[in-house]
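Biologist: Got a minute to go through the charged pairs in this one? I'd like to hear the reasoning behind the labels.

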Amino acid sequence: MDNFLLLYIMMILWSILFGLLFIIVRKTKVLRNRFGITACIVVCVCLYVRMMVPFDIGLFQPIQIEWGWFCWWYDTLNMAKLFFGVFSVTQVLCFVWIATGIALFLRWVNFYRKIWCAVSQSGLPGDKMMDSVLDKVIRDGGFRRKPEIVMIKNFRSAYSIGLLHQKILVPPGKYSERELYNIFFHEMTHFRKGDLWLKAAANAMICIFWWNPLVHLLKKEMDAVLEIRCDVSVTEGKSPEERREYLRTIINVMKEEESIAGNDFKRMKLLAENAAGFVKPSTYEEMMRERFNAVVDGERAFGEKKVFSALWIIAMIGLMILSYTFVILPYRQPDSKGEAFYSEVMPDEITVTELEDGKYILHFEVDGEEFQYPIGEEVFLEFEKSRGNVEK
């Protein structure tokens, strides 16, 4: 199966299904408590994999659809040469898609490069207190890798950046040791969970599938889920007083964030799109209440019973594999007129679709009318020889 249009149709349909599952579990507190916040992330990861790999991996079996409107729609987009008599609608849309995706990707890479340049030029090493607090966090949390602490002026919150060379960006001399402990533990948990890789994947998905509103919605929801999972992971097993202290730290950081305005606010908002932050300037109204409730209610990363989380993960992986087992294929029975005209059509004007039973469908056009003609493998090989694709 090598028809990209049909493969991408299936990808879009399955991505909608995974997106709906993600939103349902994400927004339904009963399900989120039952399966755990990790269940939301697993659905989103399956969706990202399904969208990034829409191609045939050897499992697809075609299902023939004889709906007239579907065949007309497919032929109009994929076969009719409407632009200068050379390009189909699908080809033109692919060109626009690829060109825009490359432009957005280069823009993202350029912005990330500017972040690193700004950190390298204006950043200062963390002071002794910060380094001591980070060492304590690493011991208490069992973290294996120590990131670099960089103090950045005009910042009011900590951010973790770097997929390979990890850095924690902090404001100089703003918080107490206990507050730094909570902030560092939060950022180190982001590193441990691989949240920055997930955020990078979400940004890449937006660059590639910029035309799909679903990926923009999912990125926003994914950011919220990652922060909630980080909060509940940090506070899991903590006493009520420790939980309250953690929430007070968030409140203090929020107060500092509210004092930022103008270009500094815009810069931090852009940074938040590419980094994991303790408090983000774009998420006060939508996410803070949910983060507080998750900590107070003692939500868990893996749900009430880990067996439910395990079954959910297995089910989502199975569903993703199932999504590669079939693809819809437009098909119309050839009539005598199409059979009569077949021998008169030039080989370079014919396209071929392979079926699961070893037969092939020739697609060709005569006097503006589309025809489909089934042939066997022997006829197909002879046809390919006539086009010079197979050695005689």
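Modeller: Sure. A residue is called exposed when its relative accessible area is over 50%, and buried when it is under 20%. Keep in mind that this is a predicted model.

Biologist: Then why is K27 called exposed?

Modeller: K27 has 53% relative accessibility, and the cut-off is over 50%, so K27 counts as exposed.

Biologist: What makes E221 and K27 a salt bridge?

Modeller: Their closest N and O atoms are 3.6 Å apart, and the limit is within 4 Å, so the pair is a salt bridge. E221 sits in helix α9 and K27 in helix α1, 194 residues apart. Both also belong to a network of salt bridges with R26, R32, E290 and E299.

Biologist: And why does E221 count as buried?

Modeller: E221 comes out at 8%; buried means under 20%, so the label fits E221.

Biologist: How do you know that D131 is partly exposed?

Modeller: D131 has 32% relative accessibility, which falls between the 20% and 50% cut-offs, so D131 is partly exposed. D131 forms a salt bridge with K146, with the closest N and O atoms 2.8 Å apart. D131 is in helix α6 and K146 in the loop between α6 and β5, so the pair ties together parts 15 residues apart in sequence.

Biologist: What makes K219 buried?

Modeller: K219 has a relative accessible area of 5%, and the cut-off is under 20%, so K219 is buried. K219 meets D223 in a salt bridge at 3.4 Å, N to O, and both lie in helix α9, four residues apart.

Technical notes. Residues are numbered from 1 along each chain as its sequence is written. This is a predicted model: local features need pLDDT of at least 70, side-chain atom pairs count only at pLDDT 80 or more; totals for chains, interfaces and linings use all residues. Side-chain values use heavy atoms; hydrogens and water are left out. A salt bridge is a side-chain nitrogen of Lys or Arg within 4 Å of a carboxyl oxygen of Asp or Glu. Helices (H or I, at least four residues) and strands (E, at least two) are DSSP runs, numbered from the N terminus. Buried means under 20% relative accessible area, exposed over 50%, partly exposed in between (1.4 Å probe, protein chains only).
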